Amino acid sequence: MKEKALEFFVEKIKNRASKGHTYVVCDNDVVIGTGTISDYWGSKTESTLLTIFVLPEYHGKGIGRKIIETLECDEFFCELIALKCALQLLR
């Protein structure tokens with residue numbers, strides 16, 4: 001069951017990565033976090049954040065914050081009210 005769940009998750013990340021820009025954080029050869037940003041249905045003024053995660057054993061090390069900061073520098077980025085809320089939770 002765990003292997004099937006992992007396969008599903010990997011395919012979901014690949015699918016979303018094909019629709020935007022995905023950033024991957026690794027520790028040696030292990031993916032420990034990702035974040036994807038895309039335009040919102042082709043909009044020039046709205047963007048959406050997709051599939052942001054950090055493995056639980058890496059929480060509290062600033063990795064999630066670095067992913068968000070990287071997404072904010074991406075060309076798809078537009079000011080997001082939801083992002084402001086997410087950043088307040090991370091701080």
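Is Cys 26 buried, partly exposed or exposed, and what is its relative accessibility? I come back to that in point 6, after a walk through the rest of the fold.

1. Overall layout. Please keep in mind that this is a predicted model. The chain holds three helices and three strands, and along the sequence these follow the pattern α-β-β-β-α-α. Of its 91 residues, 29% count as buried. The accessible surface is about 6700 Å², with carbon and sulfur atoms contributing 57% of that area. Among contacts with a separation of 6 or more, 38% link residues that are 24 or more positions apart.

2. The sheet. The three strands make an open sheet ordered β1-β2-β3, with antiparallel pairing. The edges are β1 and β3 (47-54), each of which pairs on one side only. On average, and ignoring direction, neighbouring strands of this sheet are turned by 10° against each other. As background, strands of a sheet pair through backbone hydrogen bonds, in a parallel or an antiparallel way.

3. Strand register. If you want to check the pairing on screen, here are some places to look. Seven bridges connect β1 (residues 21-27) with β2 (residues 30-39) in the antiparallel sense; in this pairing, Tyr 23 has Gly 35 of β2 as its bridge partner. On the other side, β2 and β3 run antiparallel and are joined by six bridges. There, Ser 38 stands opposite Thr 48 of β3, and Asp 39 has Ser 47 of β3 as its bridge partner. Strand β2 is mostly covered, with seven of its 10 residues buried.

4. The β1-β2 turn. Which residue of this hairpin takes a positive phi? It is Asn 28, in a hairpin that has two residues between the strands. Asn 28 lies in the loop between β1 and β2, and its phi is near 60°, a positive value in a residue other than glycine. That deserves a second look, because most residues other than glycine have a negative phi. Asn 28 counts as exposed because its relative accessibility is 72%, and the cut-off for exposed is over 50%.

5. Helix α2 and the core. Helix α2 (residues 63-72) packs on the sheet and touches β1, β2 and β3, its direction making about 155° with that of β3. The largest nonpolar core has seven residues: Ile 32, Ile 37, Val 54, Tyr 58, Ile 63, Ile 67 and Leu 71. Both β2 and α2 give two or more residues to this core, and the largest share, three residues, comes from α2. In soluble globular proteins, nonpolar side chains tend to be buried together.

Two members of this core are worth following in detail. Ile 67 lies in helix α2 and counts as buried because its relative accessibility is 2%, where buried means under 20%. Leaving aside neighbours within four places in sequence, Ile 67 is in contact with Val 25, Gly 33, Thr 34, Gly 35, Ile 52, Phe 53 and Val 54. The C-alpha atoms of Ile 67 and Val 25 are separated by 8.1 Å, although these residues are 42 residues apart along the chain. Ile 37, with the same kind of neighbours left aside (those within four places in sequence), is in contact with Gly 20, His 21, Ser 47, Thr 48, Leu 49, Leu 71, Asp 74, Phe 76 and Phe 77.

6. The cysteines. Back to the opening question: Cys 26 counts as partly exposed because its relative accessibility is 43%, a value that falls between the limits of 20% and 50%. Cys 73 is exposed, since its relative accessible area is 70% and the cut-off is over 50%. How many disulfides does the model have? The count comes to zero, where a disulfide requires a pair of cysteine sulfur atoms within 2.5 Å.

Methods
Residues numbered from 1 in each chain as written. Predicted model: local features only at pLDDT ≥ 70, side-chain atom pairs only at ≥ 80, totals over all residues. Heavy atoms only, no water. Pairing = 2+ DSSP bridges. Helix = DSSP H or I, 4+ residues; strand = E, 2+ residues; numbered from the N terminus. Axes fitted to C-alpha atoms, helices over the stretch in contact; angles between N-to-C directions. Contact = heavy atoms within 4.5 Å. Buried < 20%, exposed > 50% of the residue type's maximum accessible area, 1.4 Å probe, protein only. Areas by Shrake-Rupley, 256 points an atom, 1.4 Å probe, with all protein chains shown as cover. Core = buried A, V, L, I, M, F, W, Y, C linked by side-chain atoms within 4.5 Å.
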